[in-house]
Amino acid sequence: MAILLNNNGGENQAWAEALESHLPEMPIHIYPEIPDPSSIDYAVVWHHPHGDLNNYPNLKAILVLGAGMDHIDQETSLPDVPIVRLVDPTVGDEMSQYVLYWVMHFQRGYERYRAQQSEQHWQRHMTPFSRDYRVSVLGAGLIGRFVSERLAATGFCVHSWNRSQKEIDKVRSFSGEQGMHDMLAVTDVLVNCLPLNSATKRLLNKETLSMLPKGANLISLSRGAIIDDQALIDLIDSGHIANAALDTFSVEPLSNASPYWGQSNVFVTPHMSGSTYPQYASEVIANNIKRIEQGEQPFPVYKPRP
Ligand code: OXD
């Protein structure tokens with residue numbers, strides 16, 4: 001009985017040590033050094049080479065090392081075993097703090113005070129009441145729900161949109177295509193927490209982004225390919241969108257040629273809104289392996305879109 005570990009080359013040793021501390025009896029083999037493929041029961045992976053997971057005849061489950069599932073969706077053939085998502089509250093916490101930071105930045109117009117400082121100009125501006133400041137979160141999955149709940153707990157007027165209707169305490173829910181259009185029209189800050197799939201690719205395009213009121217702001221932290229970059233750049237240039245805080249991009253690292261670097265009201269961060277730390281996430285993963293070993297269901301099992 002053994003674990004195959006592959007965090008796409010990053011911090012594999014730290015992951016191996018963290019997992020070992022929770023599962024001392026289970027040998028851990030770091031991919032591609034797998035002495036005996038038939039000994040592998042669990043694959044703990046992130047962006048693993050396509051097709052390779054079919055090479056382990058006794059595999060019991062695939063456990064994913066991050067929040068996004070787009071790399072799993074891109075697999076053309078996977079063994080018929082449960083695929084277990086990682087629900088790591090630390091990541092949810094960090095990502096919701098990232099959103100909170102930018103929402104407050106836009107709400108209070110800190111850039112304006114920065115500009116005033118450079119001119120030694122003392123002037124207060126009205127801050128919109130938090131309860132009237134409308135933050136609309138696209139996606140009510142693991143991260144989107146976390147973000148919406150945190151914003152609502154801080155006192156903002158929160159809207160949440162999901163493909164199918166999902167209720168979140170103290171949050172106004174929207175669903176379906178018309179629901180998204182209705183929500184966009186009543187938004188001060190739009191937060192993109194959508195998963196990337198064939199339905200969401202370039203969903204934020206000229207047509208949908210133009211439905212935002214003039215002067216709205218955008219925060220994007222799930223996947224960059226959900227945004228049509230040229231449409232966003234044009235809408236920022238025209239002043240329709242006031243500011244954008246972008247943490248993820250369709251190609252990463254962001255190319256030197258990207259106009260985003262040079263736009264003063266675009267805030268580029270290098271995919272850092274939430275990190276998966278081996279010391280915290282390994283316990284969640286180990287608990288799921290223990291559940292399977294005891295004949296119980298791991299949680300949550302991922303169901304790819306049909
Ligand atoms: C993730 C990510 O999906 O880091 O975990 O983007």
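**Figure 1. Buried residues of helix H1 and the elements they pack against.** In this predicted model, helix H1 covers residues 12–22, and its buried residues are Trp15, Ala16, Ala18 and Leu19. A residue is termed buried if 20 or more other C-beta atoms lie within 10 Å of its own, exposed if 12 or fewer do, and partly exposed in between, with C-beta atoms placed from the backbone. Helices (H or I, at least four residues) and strands (E, at least two) are DSSP runs numbered from the N terminus. The buried residues of H1 pack against strand S1 (2–6), strand S2 (28–30), strand S3 (40–45) and helix H9 (278–293); contact requires C-beta atoms, placed from the backbone, to lie within 7 Å. Residues are numbered from 1 along each chain as its sequence is written. Because the model is predicted, local features need pLDDT of at least 70 and side-chain atom pairs count only at pLDDT 80 or more, whereas totals for chains, interfaces and linings use all residues.

**Figure 2. Helix H3 and its buried face.** Helix H3 (residues 89–108) has 20 residues and reaches 28 Å from its first C-alpha to its last, close to the expected 28 Å; the expected span is 1.5 Å times one less than the number of residues. Its buried residues are Val91, Gly92, Met95, Ser96, Tyr98, Val99, Trp102, Val103 and Phe106. Seen down the axis of H3, these buried residues fall within an arc of 150°, so they line one face of the helix; the arc is that of the directions from the helix axis to the C-beta atoms. An α-helix has 3.6 residues a turn, so residues three or four places apart point the same way. The exposed residues Pro89 and Tyr101 are carried on the face of H3 turned away from its buried side. The partners of the buried residues are strand S6 (134–138), helix H5 (142–154), strand S9 (189–192), strand S10 (216–220) and strand S11 (241–246). Gly109, with a positive phi near 60°, follows H3.

**Figure 3. Surroundings of Leu151 in helix H5.** Leu151 counts as buried because it has 27 C-beta neighbours inside 10 Å. Not counting residues up to four places away in sequence, Leu151 touches Val99, Leu100, Val103, Val135, Phe156 and Val158.

**Figure 4. The two domains and their contact.** The protein chain is divided into domain 1 (2–88 + 276–293) and domain 2 (89–268), with bounds from an automatic or database domain assignment. The domain centres, taken over C-alpha atoms, are separated by 33 Å. Domain 1 gives 10 residues to the contact and domain 2 gives nine. The side of domain 1 that touches domain 2 has five nonpolar, two polar and three charged residues; Ala, Val, Leu, Ile, Met, Phe, Trp, Tyr, Cys and Pro count as nonpolar, Asp, Glu, Lys and Arg as charged, and the others, Gly among them, as polar.

**Figure 5. The shell around the ligand.** Gly66, Ala67, Gly68 and Thr276 surround the ligand, a residue being near a molecule if its C-beta atom, placed from the backbone, lies within 6 Å of it. By class, this shell has one nonpolar, three polar and no charged residues.

**Figure 6. Backbone details in loops.** A cis peptide bond, with omega about -5°, joins Glu252 and Pro253; Pro253 is found in the loop between S11 and strand S12 (266–268). Lys170, a residue other than glycine, has a positive phi near 65° and lies in the loop between strand S7 (157–162) and strand S8 (172–175).
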